[in-house]
Amino acid sequence: MRAFVRARREGTFTEDDDPPVSEVLNPEVVTVNPSTTAGEARKLMRFHRVRHLPIVEHRAVVGLVSDRDLRMAIGRGLADD
């Protein structure tokens, strides 16, 4: 972020180089539900090349799981499920 701010101040990164979010993000959000296992979530992350998955229950976001969360759980010896 510091590099981005510095480049903007120096004029080496102009507004023309800064596309709107709608041009770079995929509107198809991959989600999981609270009963999704850690192993299933890891597979989804790899397949869709994402590092975070919103946890949705009854059409409401109730949490967020990251690849780091899953790696820490596995590192602590918790089961994949």
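This is a short, informal tour of a predicted model, from overall shape to one pocket and a handful of residues.

Some ground rules come before the tour. Local features need pLDDT of at least 70 and side-chain atom pairs count only at pLDDT 80 or more, while totals for chains, interfaces and linings use all residues. Residues are numbered from 1 along each chain as its sequence is written, and side-chain values use heavy atoms, with hydrogens and water left out.

**Overall layout**

The protein has four helices and two strands, in the order α-α-α-β-β-α from the N terminus on. Both kinds of element are DSSP runs numbered from the N terminus: helices are H or I with at least four residues, strands are E with at least two.

How does the radius of gyration stack up against a compact globule of 81 residues? The globule would sit near 12 Å, but the protein has 17 Å. That radius is taken over C-alpha atoms, and the globule rule is 2.2 Å times the number of residues to the power 0.38. Along the principal axes, the C-alpha atoms fill a box of roughly 50 × 30 × 20 Å. One pair gives a feel for the spread: glycine 77 and threonine 14 are 63 residues apart along the chain, with 47 Å between their C-alpha atoms. Glycine 77 lies in the segment after α4 (67–75), and at 60% relative accessibility it counts as exposed.

Of the 81 residues, 16% count as buried. Here buried means under 20% relative accessible area, exposed means over 50%, and partly exposed is in between, using a 1.4 Å probe and protein chains only. The accessible surface comes to about 6,900 Å², and 51% of that belongs to carbon and sulfur atoms. Those areas come from the Shrake-Rupley method with a 1.4 Å probe, and for residues only the protein chains shown count as cover. As for contacts (heavy atoms within 4.5 Å), 27% of those between residues at least 6 apart in sequence join residues at least 24 apart.

**The largest pocket**

Rolling a probe the size of a water molecule over the atoms shows where empty space is left. The largest pocket holds about 260 Å³ of space. On a 1 Å grid over the protein atoms alone, a pocket is an open set of points where a 1.4 Å probe fits, with protein on both sides within 12 Å along at least five of seven lines; lining residues have an atom within 4 Å of a point. Grid points are joined across faces, edges and corners, and the volume is the space filled by probe spheres set on the points.

Lining residues include Val24, Leu25, Val29, Val30, His48, His52, Pro54 and Leu64. Strand β1 (residues 52–57) gives the largest share of the lining, three residues. By class, the lining has eight nonpolar, three polar and one charged residues. Nonpolar covers Ala, Val, Leu, Ile, Met, Phe, Trp, Tyr, Cys and Pro; charged covers Asp, Glu, Lys and Arg; the others, Gly among them, are polar.

**Around the strands**

Proline 54 is part of the pocket lining and is found in strand β1. At 18% relative accessibility, proline 54 counts as buried. Leaving aside neighbours within four places in sequence, its contacts include Val29, Val30, Val61 and Leu64. Threonine 31 is another contact; its C-alpha is 5.1 Å from that of proline 54, across 23 residues of sequence.

Over in strand β2 (60–66), serine 66 is buried at 9% relative accessibility. Not counting residues up to four places away, serine 66 touches Met45, Arg51 and His52. Arginine 51, in the loop between α3 and β1, touches Met45, Val65, Ser66 and Asp67 under that kind of cut. The C-alpha atoms of arginine 51 and aspartate 69, 18 residues apart along the chain, are separated by 9.9 Å.

**Arginines in loops**

Most residues other than glycine have a negative phi. Which way does arginine 49 go, positive or negative? Its phi is positive, near 55°, and arginine 59 also has a positive value, near 65°. Here they are with their loops and accessibilities:

| Residue | Loop | Phi | Relative accessibility |
|---|---|---|---|
| Arginine 49 | between α3 (38–48) and β1 | near 55° | 78%, exposed |
| Arginine 59 | between β1 and β2 (60–66) | near 65° | 86%, exposed |

Arginine 51 is exposed too, with a relative accessible area of 55%.
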